[in-house]
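Thanks for coming. I will go through one model this morning, starting at the surface and then moving to strands, a helix and charged pairs.

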Amino acid sequence: MKTIKEINQKIKNGDALVLTAAEMTEYVKENGVETAAEEVDVVTTGTFGAMCSSGAFLNFGHSDPPIKMNRTFLNNVEAYSGLAAVDAYIGATQLNRNPQIGMDYGGAHLIEDLIKGKEIELVVEAYGTDCYPRKEIETIIDIDKLNHATMVNPRNCYQNYAVATNSTDETLYTYMGTLLPNYGNISYSSAGQLSPLLNDPYFETIGLGTRIFLCGGEGYVLGEGTQHATEGERVNDVPVSPSGTLMLMGDMKKMNSDFVRGATMQKYGPTLYIGAGIPIPILNQVIAKRTAISDEEITCRVFDYGIGRRNRPVLKETNYKELKTGKIEIDGMEIKTSPLSSYKKAVEVAEELKKWISSGKFFLTEPVNLIPSKGYTFNPLEIKKPSILIKNIESKPVIIAYPTEEISDVARKLVENNINHLPVVNNEGKLMGIVTSWDIANAIAKGKARLKDVMTKKVIIAREDEPVDVIARRIDKYEISGLPIVDKENKVKGMITAEDISRLIGETAENDNEVSL
């Protein structure tokens with residue numbers, strides 16, 4: 001029905017009708033798809049969320065005498081310098097080398113400070129060459145002193161995203177924020193009906209060279225992003241789980257710090273909040289219909305992040321209208337929901353882009369090559385040496401206790417079996433708690449007689465299908481010496497201790513040495 005050239009002429013003449021994606025949803029409800037396709041010229045989208053796969057190329061210029069940068073630190077955050085002499089790439093998730101700062105100020109915070117025009121401490125180390133004799137630099141720079149500061153983000157604007165919750169008894173700190181134990185909360189990260197790739201689910205208008213809104217300035221699509229996938233299940237044309245991605249670039253010197261934020265996910269690390277908006281030209285009725293999609297029509301999946309595996313179980317399918325109510329129900333439990341991204345800022349992005357186009361300051365571009373809409377799958381990393389699972393470890397017969405047992409009887413079990421931990425179970429063999437030799441000694445000293453009065457009821461556990469290295473990290477994290485092993489029904493199958501893991505690692509290393517010899 002229309003071409004981008006015709007739409008650009010209408011923008012130039014001031015005649016283009018531009019709507020945000022949220023407005024387009026209502027427009028189609030009131031006027032129908034056919035009228036919308038004829039009348040509406042551009043639909044603007046917007047998102048503002050944590051996009052860890054982001055960063056920037058920086059060029060510092062040559063010093064006198066010149067230097068070939070080997071290690072480069074900006075406010076104590078290291079930038080990758082394997083790019084000739086004075087270029088570097090700073091990644092958003094890079095940590096601070098000062099251990100007292102660590103995650104609290106990383107690459108993402110540095111990028112925000114550069115865009116804000118703040119002064120940055122630059123420290124450089126080099127090994128020196130005949131043509132680049134200098135070996136160190138300490139100075140102060142800002143973005144105006146850089147020859148280039150180009151944001152290049154390998155993976156942004158995920159097409160739909162995971163919704164996360166946690167079934168375990170422990171708090172989890174993830175890229176989806178803090179997940180409370182026992183389904184304590186649900187976290188999601190999408191602008192829903194405003195999200196760019198949910199409004200053009202088959203990439204009919206987006207590709208290499210598409211001009212976009214990026215962090216308050218003009219940017220461009222470089223192509224599909226890393227982990228781009230097209231073959232997932234769809235509902236209403238939209239993938240129900242993470243699928244398509246974009247690689248984006250923009251000039252940081254022309255960006256607005258209102259649309260970029262450095263942040264830290266607690267006990268996970270730095271991340272960069274990016275404001276991105278893509279204009280979608282309404283070329284035909286099919287595109288008009290797809291840009292009218294509503295939150296209620298966008299299906300997404302709730303995953304259990306308590307399972308530390310690549311393929312996490314799906315607990316429920318829901319939609320963004322339901323998520324935005326602040327609660328959803330899973331297996332009879334009402335669970336609070338909260339967004340990790342900002343819908344308010346996403347609206348600002350879409351509205352700002354709408355203003356640019358309506359005022360004739362921003363014109364659409366023809367993509368050189370469209371983003372692939374089929375034939376892409378996200379392949380996993382296959383490890384030649386597979387992880388050892390807890391259930392594969394040869395273990396001794398499990399020794400248990402019951403909450404009604406006398407303290408003296410439990411103490412006898414510990415001594416006779418030369419162990420320090422006893423899982424406490426009910427008559428069905430399901431875990432109720434745990435007791436250690438220290439607990440028993442403490443109980444005897446205080447004159448307590450019943451096990452149920454001294455056992456620890458909140459127990460950190462190991463599941464049969466979890467890798468040993470995950471359990472090793474858990475033992476270290478909680479500074480404990482052993483965990484009960486349970487199956488899917490919470491029945492105790494054994495115990496694993498720090499000593500067991502150390503012995504296993506030692507045996508594995510010894511076997512590896514024998515193979516190499």
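Let me begin with what I mean by a patch: it is made of residues with over 30% relative accessible area and no salt bridge, where like charges are joined within 9 Å and nonpolar side chains (Val, Leu, Ile, Met, Phe, Trp, Tyr) within 5 Å. Accessible areas come from the Shrake-Rupley method with a 1.4 Å probe, and for residues only the protein chains shown count as cover. A salt bridge is a side-chain nitrogen of Lys or Arg within 4 Å of a carboxyl oxygen of Asp or Glu.

Two remarks on the source. This is a predicted model, in which local features need pLDDT of at least 70 and side-chain atom pairs count only at pLDDT 80 or more, while totals for chains, interfaces and linings use all residues. Residues are numbered from 1 along each chain as its sequence is written, and side-chain values use heavy atoms, with hydrogens and water left out.

Now the patch itself. On the surface, Leu208, Leu222 and Val368 form a nonpolar patch, and together they have about 250 Å² of accessible area. Leucine 222 sits in strand β17, residues 217–224. Helices (H or I, at least four residues) and strands (E, at least two) are DSSP runs, numbered from the N terminus. For burial, the cut-offs are under 20% relative accessible area for buried, over 50% for exposed, and partly exposed in between, with a 1.4 Å probe and protein chains only. Leucine 222 has 31% relative accessibility, so it counts as partly exposed.

Next, strand pairing. Two strands pair if DSSP finds at least two bridges between them. One open sheet has four strands in the order β6-β5-β8-β9, and the pairing is antiparallel. Which strands stand at the edges? They are β6 (77–79) and β9 (136–141); each has a single partner strand, so one side of each is left without a neighbour in the sheet. From one strand to the next, the twist averages 25 degrees; axes are lines fitted to C-alpha atoms, for helices over the stretch in contact, and angles run from 0 to 180 degrees between N-to-C directions. Within this sheet, β5 (residues 71–74) pairs with β6 over three antiparallel bridges, and threonine 72 has alanine 79 in β6 as its bridge partner.

Strand β27 (residues 333–339) has pairings in both senses. With β14 (residues 186–188) the pairing is parallel, over three bridges, and isoleucine 186 is matched with threonine 337. With β26 (residues 327–330) it is antiparallel, over four bridges, and lysine 327 is matched with lysine 336. The hairpin of β26 and β27 has two residues between the strands, and aspartate 331 there takes a positive phi near 50 degrees.

Then there are two buried elements. How many residues of helix α4 (residues 107–115) are buried? Nine of the nine are, so the helix is largely enclosed by the rest of the structure. Among them are His109, Glu112 and Asp113. Just after α4, glycine 117 takes a positive phi of about 85 degrees.

Strand β32 (residues 482–486) has five of its five residues buried, so this strand too is largely enclosed by the rest of the structure. It runs parallel to β31 (residues 462–463), joined by two bridges, with arginine 463 opposite valine 486. It also runs antiparallel to β33 (residues 492–497), joined by five bridges. In the hairpin of β32 and β33, with five residues between the strands, asparagine 490 takes a positive phi near 70 degrees.

Last, the charges. Side chains of opposite charge can pair when their charged atoms come close. The count here is 26 salt bridges. In one of them, lysine 10 pairs with aspartate 41, with the closest N and O atoms 3.1 Å apart. Lysine 10 lies in helix α1 (residues 4–13) and aspartate 41 in the loop between α3 (33–39) and β2 (42–44), so the pair ties together parts 31 residues apart in sequence. Is each partner buried or partly exposed? Lysine 10 is partly exposed at 29%, whereas aspartate 41 is buried at 0%. Lys2 joins these two in a network of salt bridges.

In another, aspartate 409 pairs with arginine 412 at 2.9 Å between the closest N and O atoms. Both lie in helix α9 (residues 407–417), three residues apart, about one turn of the helix.
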